[in-house]
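Biologist: I am new to this structure and would love a close look at one part of it. Could you start with the core and then walk me through what lies beyond?

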Amino acid sequence: MDINQFLNHLCLWLVGLSCSLTLIRTLRMPSSYNRGWMVISAFVLAVMTVALFAIPQQAGLIGGALWLVLIVIPSFGIRQVSALAYQERYQSASQLAQVLSWLHPMDGWRDYPAILGAIALGQQGHLDQAIAILNRYQSPTTVIGRLAAAYRYRLNARWEDLLAWIHEHGLTARLNQDPSLMVSYLRSLGEMGDLNHLVEHAHTFNRILERTGNSQLSNLVRLFVLSYCGDLERVHPLLSQSFADFSPQFREFWLATAEMAADQRSRAEQRLVALKPRSDSMTQWAIARRLKSPLVVARTVLTEASHQTLSQIEQDAQHQARYGRPFTFISKTAYATYLIIALNLMMYGMTEVRGSSLDVDTLTQLGALNPIAVWQGEWWRLLMANFLHLGWLHLTMNMLGLYFLGGFVESTLGIGRYLITYFGSGIGAMFLIVLLAIASNAPDQTLVGASAAIMGLVGAIGAIMIYGWRYEKSRIAAKNLLVLMFVIGIQIVFDLTTPGVSFLGHTLGLILGFVISSLLLRYWKLVNI
């Protein structure tokens, strides 16, 4: 299979799987907010299916191009808009949303930039202009309309009016379907001092958010609960980790909120007074309200049932930090992962200089695995083969896998155990392949790539999730373990249906990574516990 055939085959897999999962996920969601993704995914699948019958050699590439433009780019862009909005950078969010509204014109994205722009005007002190714009869009019947109404009251901290509007239109029953309104409702409960209902609803809502995979909103809900309940011990690390990219004013405000709820009123008021001149108009309204109407002290109003639920929320927050994002690069200090990627890129460059990364002789000279050569004493090939790749596509796929998996495993196991797992999986898989090749009298083969070592990281993630499930009874770890099993199943089917892919190497790496990391976890605790 040449590179174009493989790329076509890969695109067929990626697009088909991605669009199918999007359709299933959207159909399961009660809200119509994401129905646009269902329409777009169905369109991409339909075009690719027609192309598969008409021009099968190009069908995957056509589907991949549509998938990239209509799904991947808007998806990453919308995630960035959400991140900017959560960080209260509404002007930047509005500008990006304006561009994305042309790529994803459904789900209210034609109106979203105007609403974000109105909120930005409110931040800048143009309250009347902002409210006038939001009034044009507000409606209890649409997601965008409810968002506009919520911010109409949030701009100048009119939380009691927001609660009244929600109850007036009977929207409490629809909060499960509208994450943005849900968050505004929870904050309103906290501002009004109704902490028992805040804890109760936050616990229910966060279970819903976990199913949707919206970790940003989950963390925001936890911040509200922990801050209004005065849990300074957990608010500090939450702000420094999950909200590290937010403005200093945001972190200062919520730290002061937690201090006031913890009965450290004098300290909180000093922090708020110092913060006010450095804040935007929207935050100044919130500060003015906080100083005029101090929060209730949490311990004076929380019931025993709320304390028990709060303990569960606190535990979920800890588990989310440890096990919540196994397939996302989350560490800014993953030095070992960066180093391994750099070494792979360096070896690829050296291969191209010496000849070609598609030339077997060049790869063999630089250390490709050849069972006969290894058996005759060239053991160094067991290591070097892990840094060589057959072309740019092979390298790119492996480095993306390493980038997204390595940070989590490294931050969880620590650098030393991470390197033991990575190289133990890669070198161990290569060695076992040599033994099997010699034993089966099939030594004439050449093997390169970091795939076995990277599959070892997948095995390590499995071991970490089992650790969290068994020893900490973590629901989040159990859920991610099921997701991981699904991913492994897809990988196995892909390996078995794709010529030129080493199913044996991947499987051996996966097993070795699981066994090695399980042994390490048995005798040493996780680094981030």
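Modeller: Happily, let us begin with the largest nonpolar core, which has 57 residues. Here a nonpolar core is a set of buried Ala, Val, Leu, Ile, Met, Phe, Trp, Tyr and Cys residues joined through side-chain atoms within 4.5 Å; buried means under 20% relative accessible area, exposed over 50%, and partly exposed in between, with a 1.4 Å probe and protein chains only. The members that touch the most other members are L220, L223, V225, L239, F243, F250 and W254. Helix 11 (residues 215–228) gives the largest share of this core, 8 residues. Helices are DSSP runs (H or I, at least four residues), numbered from the N terminus.

A word on the source: this is a predicted model, in which local features need pLDDT of at least 70 and side-chain atom pairs count only at pLDDT 80 or more, while totals for chains, interfaces and linings use all residues. Residues are numbered from 1 along each chain as its sequence is written, and side-chain values use heavy atoms, with hydrogens and water left out.

Take V225 as an example: leaving out residues up to four places away in sequence, V225 touches L198, V199, A202, L310 and I313, where contact means heavy atoms within 4.5 Å. Another core, of 36 residues, lies apart from the one holding V225, and its members include C19, W67, Y112 and I115.

Now for a pair of helices. The axes of helix 23 (residues 451–472) and helix 25 (residues 503–523) come within 6 Å and cross at roughly 40 degrees. That angle makes helix 23 oblique to helix 25 (under 35 degrees is roughly parallel, over 145 roughly antiparallel, 65 to 115 roughly perpendicular, and the rest oblique). On the helix 23 side, the contact residues include S451, M455, G459 and Y467, and on the helix 25 side they include G505, G509, F514 and L521. The residues of this contact divide into 11 nonpolar, 10 polar and no charged (Ala, Val, Leu, Ile, Met, Phe, Trp, Tyr, Cys and Pro count as nonpolar, Asp, Glu, Lys and Arg as charged, and the others, Gly among them, as polar).

Two more residues round out the tour. N480 is in helix 24 (residues 475–497) and counts as buried because its relative accessibility is 8%. Beyond its neighbours within four places in sequence, N480 is in contact with Y323, G324, P326 and M465. T446 sits in the loop between helix 22 (415–439) and helix 23, and at 41% relative accessibility T446 counts as partly exposed.

Conventions
Axes are lines fitted to C-alpha atoms, for helices over the stretch in contact, and angles run from 0 to 180 degrees between N-to-C directions. Helices (H or I, at least four residues) and strands (E, at least two) are DSSP runs, numbered from the N terminus.
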